Amino acid sequence: MNLDNPTPSAARDLSRSVRFGPDVVVHVLHTGTVRVSPRQSATERGRARTAPVWTRPFPILAFAVQTPDGVTLIDTGPSAQMHDAHADDGEFEGRLTLKWDISYEVRPGDSLASRLSAAGIVPSALRRVILTHLHGDHCGALHDVPGVPVLVARGEYEAAVAGAFGASARHWPADFRPQLVDYSYAALGSFGRTHSLDRGRLTLIPTDGHSAGHLSVVLRTAEGIVLFGGDVAFSQRYLIDQQIVGLCRSVPRARRSMADVLTLARALPTIFLPAHDAEGPRRLSERETVPG
Ligand SMILES: [Zn+2]
């Protein structure tokens, strides 16, 4: 598999709800698709490597984790309003194209509000939103969940405020005041520092490199862990191959994060769910873990 031929097609709705035991449900929310231009589709040794054509659409997946402690939303997906906000950035085949050549498509029914409703989740009942990072396709729909506490890694927020590439502060709600996550010296496998929530049912782990303060979320279940990887790797294949593609702030740090995630995923039964892997929802349904 490579970026030019992701499979299966992201065109169909990948949303679903998968139960773990009596009281945990993982909801996949398919909030749109993204394509990447030749100029941004690959990175190798810190340099952009060009692909010959625009990629096919990748899904943009957000997740809602329902436990006895409440419902935690992991990323929001993009917003349909991003089309309007970026109207001056040009178009490619009728779709929005940002200045840095990323094209989003949010179809009717893809919106976060629609996906939450379909999953039976009332936005006002959300316990919190955890943002893996502040790229627009991960936080663009914050407007759909007003008043819900938002958690972001401190390093991610501070870099975004300073104007980090790809972090579109103009999409943030006017009252955006996230709780900034710091890590403590509580180890989880290959990660020496973590941030625990809900008595350890959820654990935030630092997986920076793709962006300045990118984080991933670990859910403990009776069967193992579900690791919500954001953009730490665009697919499980890339994770296993330790291949970095696409936008990357620091190649050495991204490489370290991928290695740490893979080490953890091989130490514990792990279902790996990054944000843009069309195979992830199937693996969740089939409880397919990262091969050892
Ligand atoms: Zn990203």
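The following exercises, each with a worked solution, concern a predicted model of a protein with a zinc ion.

**Exercise 1. The zinc site**

Identify the protein donors of the zinc ion, and determine which geometry the site has.

*Solution.*

Step 1. Four residues supply the donor atoms: His133 through NE2, His135 through ND1, His210 through NE2 and Asp231 through OD. These atoms lie 2.1 to 2.2 Å from the zinc ion.

Step 2. The angles among the 4 donor atoms run from 89 to 175 degrees. Four donors count as tetrahedral if all angles lie between 85 and 135 degrees. For comparison, the ideal angle for four tetrahedral donors is 109.5 degrees.

Step 3. The site of the zinc ion is accordingly classed as irregular.

**Exercise 2. The zinc donors along the chain**

Describe how the donors are spaced in the sequence, and state where His133 and Asp231 lie.

*Solution.*

Step 1. Along the chain, the donors of the zinc ion follow the spacing H-x1-H-x74-H-x20-D.

Step 2. His133 belongs to the loop between strand S10 (126-130) and helix H3 (136-139), whereas Asp231 belongs to the loop between strand S16 (224-230) and helix H5 (236-241). The two residues are 98 residues apart, and the pair links distant parts of the chain.

Step 3. Are His133 and Asp231 buried or exposed? Both His133 and Asp231 are buried.

**Exercise 3. The partners of strand S2**

Determine which strands pair with S2, and in which sense.

*Solution.*

Step 1. Strands of a sheet pair through backbone hydrogen bonds, either parallel or antiparallel.

Step 2. Strand S1 (residues 16-20) pairs with S2 in the antiparallel sense over 5 bridges. The two strands form a hairpin with 3 residues between them, and Gly21 in the turn has a positive phi of about 70 degrees.

Step 3. Strand S5 (residues 58-67) also runs antiparallel to S2, and 8 bridges join the two.

Step 4. Val28 of S2 can be followed in both directions: Val28 is the bridge partner of Arg16, and Phe63 in S5 is the bridge partner of Val28.

Step 5. Strand S2 covers residues 24-36, and 13 of its 13 residues are buried. On the neighbouring strand S1, Ser17 counts as partly exposed at 45% relative accessibility. The C-alpha atoms of Ser17 and Ala119 are separated by 7.4 Å, although the residues are 102 residues apart along the chain.

**Exercise 4. An open sheet**

Give the order of the strands in the open sheet of 5 strands, and explain why one side of S13 and of S17 has no neighbour in the sheet.

*Solution.*

Step 1. The order is S13-S14-S15-S16-S17, and the pairing is mixed.

Step 2. Strand S13 (195-197) and strand S17 (270-274) stand at the edges; each has a single partner strand, so one side of each is left without a neighbour in the sheet. From one strand to the next, the twist averages 20 degrees.

Step 3. S13 and strand S14 (residues 202-206) run antiparallel and are joined by 3 bridges. Ser196 has Thr203 in S14 as its bridge partner.

Step 4. In the loop between S13 and S14 lies Arg199, which has a positive phi of about 55 degrees although it is not a glycine. Arg199 counts as exposed because its relative accessibility is 69%, and the cut-off for exposed is over 50%.

Step 5. Thr221 is found in strand S15 (residues 215-221). Thr221 is buried because its relative accessible area is 17%, and buried means under 20%. The side chain of Thr221 reaches the backbone nitrogen of Glu223 at 3.0 Å.

**Exercise 5. Helix H6**

Compare the length of helix H6 with the expected value, and describe its N-terminal end and its buried residues.

*Solution.*

Step 1. Helix H6 (residues 251-267) has 17 residues. From its first C-alpha to its last it reaches 24 Å, close to the 24 Å expected at 1.5 Å a residue.

Step 2. Ser250 caps the N-terminal end of H6, with a side-chain oxygen 3.2 Å from the backbone nitrogen of Arg253.

Step 3. An α-helix has 3.6 residues a turn, so residues three or four places apart point the same way. The buried residues of H6 include Val251, Ala254, Met258, Val261 and Ala265.

Step 4. Gln242 is found in the loop between H5 and H6. Its phi is near 55 degrees, a positive value in a residue other than glycine, and Gln242 counts as partly exposed at 22% relative accessibility.

Technical notes
Residues numbered from 1 in each chain as written. Predicted model: local features only at pLDDT ≥ 70, side-chain atom pairs only at ≥ 80, totals over all residues. Heavy atoms only, no water. Donors = N, O, S within 2.8 Å, 3.2 Å for Na, K, Ca; no water. Tetrahedral: all angles 85-135°; square planar, octahedral: opposite > 155°, others 65-115°. Helix = DSSP H or I, 4+ residues; strand = E, 2+ residues; numbered from the N terminus. Buried < 20%, exposed > 50% of the residue type's maximum accessible area, 1.4 Å probe, protein only. Pairing = 2+ DSSP bridges. Axes fitted to C-alpha atoms, helices over the stretch in contact; angles between N-to-C directions. Expected span 1.5 Å × (residues − 1). Polar contact = N/O pair within 3.5 Å; in protein donor to acceptor, adjacent residues only side chain to side chain.
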